[in-house]
Amino acid sequence: RLLASTAVKIELPPSQHALMVQRKAAIEKHLEREGSPLKGLIRLFYQQGSVAIGATIRAKFRQEGFDIDIIVELFGRGSLTPAQVLDLLYEAMRGEPGSRYYDCTERQSRCVTVYYADGMHLDLSPAVLLDERDPRRSHIFHSKLEEPRWKDTTILTNCFGFVAHYNEKCPIDQMFAEDYGRLVRDADLQLQVMMKDADSVPVPVHSKTVGGKSAVTVALQLLKRNRNIRWLPRKRRMPASVMFSCLSLEVAEAGRTIGQNLKAIAEHILDRLIRAKSVGELLHVENPVCRGDVFTDRWPVDHTDQDLLIGDMRLLLRQLAELFDDRRSFKDRSKTLEDMFGETVAKQVVDEFAVEMGQS
């Protein structure tokens, strides 16, 4: 129950999903407006990453922060270089001076980011389909502004295929899904207001059924939160969420609790890391539906990265054992929860749990 309540505190609430849907639609309309450099060149918009599998969490401790990944599939880039494709998307998104996006759009090495005042940000990655008979195997583009242009390149990806694979293979226990969905909806006061005013504020279907998900995915959200806790102070690139998703799916089984899933996932990640280290290699994880789409292409950078995650997984497993040790006091186990997922969130969860137990 403590782990479920913690996951509810850190994940994307239904009302924020509804807001994300509205903002995505506004961005699509903006990019296809009259006068846009991309007018008539966009084939498709689709979500990738955590939001597409229901594993989005609040980003980097900002209470309202969410990182949403959107693919902007283009009809073709002709003779344009990776830098020119990213620059074109940046110009189209930023718009003219005075545009609502002019001062909140930033060009990255593989995407264009739109930042919002409430902390949400949308990453727009341009892509080109490689084969009409194999949708959505694509190229995305890599171009760091501070590096020479000869280092620019294209990268194979099929994030759409992986999302479909994850959603198909991830086991869902219906009773757990319904109970967890109720917890999410009860916690989202903003959604309750929106539902009452549904005639004037349409709520996407997702917002009415959110939370009907696998215990594997909830465990994955907690793992990502724990990663953020550990890696933010290190000022190093974090292990990729999609790598965690892929490794989690490799050991996914029906019938496990959140805690049992988190333990199984952490043990599997630790085993893969130690096996790579034992032969002097870095961890290598590929998209199971697209050979050559490497989820570890930017992490680990070196053996230091790998050793840090090995230490993190060992610590997480020790902490899980402490959390489920009935011989330890509730106070001690609450402190462990804080160490695992952050003081603010854990204190809220523990306080609510104590009040509920007191009322009982």
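The following conversation concerns helix packing, nonpolar cores and cysteines in a predicted model.

Biologist: What should I know about the model before we start?
Modeller: The model is predicted, so local features need pLDDT of at least 70 and side-chain atom pairs count only at pLDDT 80 or more, while totals for chains, interfaces and linings use all residues. Residues are numbered from 1 along each chain as its sequence is written, and side-chain values use heavy atoms, with hydrogens and water left out.

Biologist: At what angle do α2 and α4 cross?
Modeller: The axes of helix α2 (residues 14–31) and helix α4 (residues 82–94) cross at roughly 105 degrees and come within 8 Å. Axes are lines fitted to C-alpha atoms, for helices over the stretch in contact, with angles from 0 to 180 degrees between N-to-C directions. Helices are DSSP runs (H or I, at least four residues), numbered from the N terminus. The two are therefore roughly perpendicular, a label for 65 to 115 degrees.

Biologist: Which residues meet there?
Modeller: Ile 27, His 30 and Leu 31 of α2 meet Leu 89, Ala 92, Met 93 and Arg 94 of α4, where contact means heavy atoms within 4.5 Å.

Biologist: Changing topic, how many disulfides are there?
Modeller: The structure holds zero disulfides, a disulfide being a pair of cysteine sulfur atoms within 2.5 Å.

Biologist: Why does Cys 159 not form a bond?
Modeller: Its closest cysteine sulfur, in Cys 290, is 9.7 Å away, which is too far for a bond. Cys 159 is also buried, at 10% relative accessible area; buried means under 20% (1.4 Å probe, protein chains only).

Biologist: And what about Cys 170?
Modeller: The sulfur of Cys 170 lies 12 Å from the closest cysteine sulfur, in Cys 246, again too far for a bond. Cys 170 counts as buried, at 7% relative accessibility.

Note on methods: Angles under 35 degrees count as roughly parallel, over 145 as roughly antiparallel, 65 to 115 as roughly perpendicular and the rest as oblique. Buried means under 20% relative accessible area, exposed over 50%, partly exposed in between (1.4 Å probe, protein chains only).
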